[in-house]
Amino acid sequence: MTELAKNQIETITMEPGKLASYIDHTLLKADAKPADIEKLCAEARQHRFFSVCVNSANVSQAAKLLEGSGVNVCAVVGFPLGAMASTAKAYEARAAIESGAREIDMVMNIGAMKSGDFKLVENDMLAVRTACGTVALLKVILETCLLTTEEIVQACQIAKSLSLDFVKTSTGFSTGGATVEHIALMRQTVGAQMGVKASGGVRTFADALAMINAGATRLGTSGGISIINGQTSSGY
């Protein structure tokens, strides 16, 4: 852990169990079975996680299992590469919302950002923003491990200009996950009015608290139970 992370942990303290309300309890593996989704949702109910985060094909099952629980269903869209057509991302978002998702985590068009095609990046986000309407909250996954500092700032500025709800660091399926430094940069760029989600590599209570102190308002992790119990997770 960096010195910055250590310093940030000293800023806010809380009991591990209180982190549950920050956590999107996540299962995005390709081989996730209905029984695995059932287990995920039962855990979310028991521990009062903010949401479950699943692939769009699993939204309908999760929504039925969590009906009346107060736990949201979040669906990933254009996952994990972000290299799909904007129309395909928008269609997937609408289908997930119709199945019961109330949060959408879309992957940005990373290649467009890397090539400086900011209009394509903007239109891609806007297509999914329009699909979400007023029904679903929208987070955009930047995949910060693939971006320069300048590109992270540019992506955050575009998301803010479109009134997206959150910027999110990572899919957890690329070359790296969230860092304290990137969370702090994203928070500085979007200001107080947007959410910032740390995802990928949040494996311990110390990791989680460092991200929150750096500006994260949501944590995406498959290891939420271990984290709220003060243990180390082996998940993403």
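How many aromatic pairs does the structure hold? In this predicted model, the structure holds one aromatic pair. The two partners are Phe79 and Phe173, whose ring centres lie 5.2 Å apart with the planes at 85°, so the arrangement is edge-to-face; planes over 60 degrees apart fall in that class. The pair ties together distant parts of the chain, its members being 94 residues apart. Phe79 sits in the loop between β3 (72-77) and α4 (86-98), while Phe173 belongs to the loop between β6 (166-168) and α8 (180-190). The two residues can also be described by their cover. Phe79 has a relative accessibility of 15% and therefore counts as buried, the cut-off being under 20%. Phe173, with a relative accessible area of 41%, is partly exposed.

It helps to set this pair within the overall fold. The protein chain contains ten helices and eight strands. Its radius of gyration is 16 Å, close to the 18 Å that the globule rule gives for 236 residues, so the chain is as compact as a globular protein of that length. Along the principal axes, the C-alpha atoms occupy a box of roughly 45 × 45 × 30 Å. Of the 236 residues, 53% are buried. Among contacts between residues at least 6 apart in sequence, 68% bring together residues at least 24 apart.

Turning to the surface and the charges, the protein chain exposes about 10,000 Å², and 52% of this area is supplied by carbon and sulfur atoms. The chain carries 21 positive and 22 negative charges, and the mean positions of these two sets are 4 Å apart.

Helix α9, spanning residues 205-214, offers a good example of a covered element, as eight of its ten residues are buried. The buried residues include Asp207 and Asn213, together with Leu209, Met211 and Ile212; Ala208, Ala210 and Ala214 are also on the list. Just after α9 comes Gly215, which adopts a positive phi of about 130°.

A closer look at helix α5 (residues 110-114) is also worthwhile, with Ile110 as the residue to follow. Ile110 has a relative accessibility of 10% and so counts as buried. Which residues is Ile110 in contact with, leaving aside its neighbours within four places in sequence? The partners are Leu81, Leu142, Glu143, Leu146 and Leu147. Thr144 is 34 residues from Ile110 along the chain, and the C-alpha atoms of these two residues are separated by 9.5 Å.

Key: Residues numbered from 1 in each chain as written. Predicted model: local features only at pLDDT ≥ 70, side-chain atom pairs only at ≥ 80, totals over all residues. Heavy atoms only, no water. Helix = DSSP H or I, 4+ residues; strand = E, 2+ residues; numbered from the N terminus. Rg over C-alpha atoms; globule rule 2.2 N^0.38 Å. Buried < 20%, exposed > 50% of the residue type's maximum accessible area, 1.4 Å probe, protein only. Contact = heavy atoms within 4.5 Å. Areas by Shrake-Rupley, 256 points an atom, 1.4 Å probe, with all protein chains shown as cover. Lys, Arg positive; Asp, Glu negative; His and termini not counted. Charge placed at Lys NZ, Arg CZ, Asp CG, Glu CD. Phe/Tyr/Trp six-rings, centres within 6.5 Å; stacked < 30°, edge-to-face > 60°.
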